[in-house]
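Reader: I have a protein model open and would like to learn how to read the hollows in its surface. Could you take me through it step by step?

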Amino acid sequence: MSKLRIKKHNHALNRSFTGDLSINGILLIFGVFMFFPMYYTIVQALKPLNELWMFPPRLYVVNPTLKNFSDLFSLMSTSWVPFSRYIFNTVFISACGTFGNVMLSSFAAYSLAKIKFPGRKVLFNIIVYSLMFNTTVAGITNFITMSFFKMVDTYLAIIVPAMGSTLGLYLMKQFMETSVPDSVLESARLDGASEWKILWTLVMPMVKPAWLTLIIFSFQGLWNQGASVYVFSEQLKTFPYAISQIITGGIARAGASAASTVVMMIVPILVFVISQSNVIETMSSSGMKD
């Protein structure tokens, strides 16, 4: 009888090892498949012009060069608006818009999820329905509103709409409802804590995965923000807009265009990698039972 148990136990261990090996193999295949576009973009940026236009295209570079990057910065330096100005505009808009979106979404989500007031369900349903509409549909309305508040041709024309994104509010609200026990909030209120203190000291640490995820989406969207119909001054344009002007230069600027793609994706990737590690760490260590 003991021999039969040993055999069954060994069989279970072997099957588990095979299953883990199969899962890891599948994940490795998908990982390589997802990494391939990034790899090909970097390879394209390192190719000289004669290799860029080879057909069929090669998945590797024979004579790697950094001339594409030097051409990119040379083209940007000849612009009448300094290269650093485009970078500053993009960083400033991305940082302010992301910070404002996370803050406003957290405040509104806490009110909708944990404070009972008349009409909150109706208000939340309106917010959910707003996710169905593309921003282009409300373009005229937004322009009239921004003109009234003197926000046209300013940084606020890009920052304020990003701060009011309803997707972040929906994400934070749903996460607060499922991850923040009402008993913890009631105990804090009985101890005399104000709603602001409860939000900052209890709720925000508990929903860290949600607002880190929101940072990723918000920052990536703002970083890739190109030309805006509400901004006319060249001094207020973003770095993606300047890159798009280089791309339209034709075949001669193909190398600079490939290099610009790599430059544009470096910062969002770094933000994603850092935030992703924090999200995974928080999700694994912040579980609690009601």
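Author: Let us start with a term: a pocket is an open set of grid points with protein on both sides within 12 Å along at least five of seven lines, and its lining residues have an atom within 4 Å of a point. Please keep in mind that this is a predicted model.

Reader: Which residues lie nearest the centre of the second largest pocket?

Author: Rolling a probe the size of a water molecule over the atoms shows where empty space is left. Here the second largest pocket holds about 310 Å³ of space, and of its 14 lining residues, Met38, Gln220, Pro268, Ile269 and Phe272 lie nearest the centre. Helix α13 (254-285) gives the largest share of this lining, with nine residues, and by class the lining has ten nonpolar, four polar and no charged residues.

Reader: What is the volume of the largest pocket, and which residues are closest to its centre?

Author: The volume of the largest pocket is about 1,200 Å³, and among its 35 lining residues Thr135, Asn142, Pro161, Ala162 and Ser165 are the closest to the centre. At least two lining residues come from each of α6 (139-148), α7 (156-163), α8 (166-179) and α11 (208-223), while the lining as a whole comprises 19 nonpolar, 16 polar and no charged residues.

Reader: Turning to the surface, is Tyr39 buried or exposed?

Author: Tyr39, which sits in helix α1 (residues 2-45), counts as partly exposed because its relative accessibility is 32%, and partly exposed covers values between under 20% for buried and over 50% for exposed. Tyr39 also belongs to a nonpolar surface patch with Phe35, Phe36, Leu59, Tyr60 and Val62, which together have about 570 Å² of accessible area.

Note on methods:
Residues are numbered from 1 along each chain as its sequence is written. This is a predicted model: local features need pLDDT of at least 70, side-chain atom pairs count only at pLDDT 80 or more; totals for chains, interfaces and linings use all residues. Side-chain values use heavy atoms; hydrogens and water are left out. Patches are made of residues with over 30% relative accessible area and no salt bridge: like charges are joined within 9 Å, nonpolar side chains (Val, Leu, Ile, Met, Phe, Trp, Tyr) within 5 Å. Accessible areas come from the Shrake-Rupley method with a 1.4 Å probe; for residues, only the protein chains shown count as cover. A salt bridge is a side-chain nitrogen of Lys or Arg within 4 Å of a carboxyl oxygen of Asp or Glu. Helices (H or I, at least four residues) and strands (E, at least two) are DSSP runs, numbered from the N terminus. Buried means under 20% relative accessible area, exposed over 50%, partly exposed in between (1.4 Å probe, protein chains only). On a 1 Å grid over the protein atoms alone, a cavity is a set of points where a 1.4 Å probe fits but cannot get out, and a pocket is an open set with protein on both sides within 12 Å along at least five of seven lines; lining residues have an atom within 4 Å of a point. Grid points are joined across faces, edges and corners, and a volume is the space filled by probe spheres set on the points. Ala, Val, Leu, Ile, Met, Phe, Trp, Tyr, Cys and Pro count as nonpolar, Asp, Glu, Lys and Arg as charged, and the others, Gly among them, as polar.
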